[in-house]
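Student: I would like to go through this structure step by step, with the reasoning spelled out. Could we begin with the terms we need?

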Amino acid sequence: MKIDWAAIGSVLGVSLAFAVGLVALFTLGINGLARREKAAEQGGSAALAATGAYVCFAACTAAVAYGIYLIVVKP
């Protein structure tokens, strides 16, 4: 039995990159919600912050759904 260490390293690198990317995207969404609340307290418009947050959360949901699709559907 021969272990392909390069393939394992590649999978590790891609997994780590996507995990960090998803965490960063989710953090941007949380930050957008906080900015929305701050803008609402100050009497400003919070539509742009809320829209950005919802876009970030939708992108996270799409990435997770695509990952599940790759696991379940692809052979």
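Tutor: Helices here are DSSP runs of H or I with at least four residues, numbered from the N terminus. Please keep in mind throughout that this is a predicted model.

Student: With that in hand, which residue just after helix 1 takes a positive phi?

Tutor: We look at the place where helix 1 has just ended, and there the phi angle is positive, at about 85 degrees. The residue that takes this angle is Gly-43.

Student: How far apart are the end C-alpha atoms of helix 1, and what span should we expect?

Tutor: Helix 1 has 37 residues, and the expected span is 1.5 Å times one less than the number of residues. That calculation gives an expected span of 54 Å, and the model agrees with it, because the end C-alpha atoms of helix 1 are 54 Å apart.

Student: And how far does helix 2 reach from its first C-alpha to its last?

Tutor: Helix 2 has 26 residues, for which 38 Å is expected at 1.5 Å a residue. The reach in the model is close to that expectation, and its value is 37 Å.

Student: Which residues of helix 1 are buried, and what do they pack against?

Tutor: To count as buried, a residue must have under 20% relative accessible area. In helix 1 the buried residues are Gly-29, Gly-32 and Ala-39. What these buried residues pack against is helix 2.

Student: Which residues are buried in helix 2?

Tutor: The packing can also be described from the other side, since the buried residues of helix 2 pack against helix 1. Those buried residues are Ala-50, Ala-53, Cys-56, Phe-57 and Cys-60.

Student: Is the ring pair of Phe-26 and Phe-57 stacked or tilted?

Tutor: The count comes to two aromatic pairs. In the pair of Phe-26 and Phe-57 the ring centres are 5.3 Å apart and the planes stand at 55 degrees, which lies between the cut-offs of 30 and 60 degrees, so the pair is tilted.

Student: Which parts of the chain does that pair link?

Tutor: The two residues are 31 residues apart, and the pair therefore links distant parts of the chain. Phe-26 belongs to residues 5-41 and Phe-57 to residues 47-72, which are helix 1 and helix 2.

Student: Is the pair of Tyr-66 and Tyr-69 stacked or edge-to-face?

Tutor: Tyr-66 and Tyr-69 are three residues apart in helix 2, which separates them by about one helical turn. Their ring centres lie 6.1 Å apart, and the angle of 25 degrees between the planes is under the cut-off of 30 degrees, so the pair is stacked.

Student: Is Tyr-69 buried or partly exposed?

Tutor: Tyr-69 is in helix 2, and together with Val-64, Tyr-66, Ile-68, Leu-70, Ile-71, Val-72 and Val-73 this residue makes a nonpolar surface patch of about 800 Å². Its relative accessible area is 37%, so Tyr-69 counts as partly exposed.

Student: Leaving aside its neighbours within four places in sequence, which residues is Arg-36 in contact with?

Tutor: Arg-36 lies in helix 1, where a relative accessible area of 27% makes this residue partly exposed. The C-alpha atoms of Arg-36 and Thr-51 are separated by 9.4 Å, although their positions lie 15 residues apart along the chain as their separation. With the neighbours set aside, the contacts of Arg-36 are Ala-46, Ala-49, Ala-50 and Tyr-54.

Student: Finally, how far apart in space are Ala-63 and Phe-18, C-alpha to C-alpha?

Tutor: Ala-63 is found in helix 2, and this residue is partly exposed at 34% relative accessible area. Ala-63 and Phe-18 are 45 residues apart in sequence, while their C-alpha distance in space is 9.1 Å.

Terms used: Residues numbered from 1 in each chain as written. Predicted model: local features only at pLDDT ≥ 70, side-chain atom pairs only at ≥ 80, totals over all residues. Heavy atoms only, no water. Phe/Tyr/Trp six-rings, centres within 6.5 Å; stacked < 30°, edge-to-face > 60°. Buried < 20%, exposed > 50% of the residue type's maximum accessible area, 1.4 Å probe, protein only. Contact = heavy atoms within 4.5 Å. Patch = residues over 30% accessible without salt bridge, like charges linked within 9 Å, V, L, I, M, F, W, Y side chains within 5 Å. Areas by Shrake-Rupley, 256 points an atom, 1.4 Å probe, with all protein chains shown as cover. Salt bridge = Lys/Arg side-chain N within 4 Å of Asp/Glu carboxyl O.
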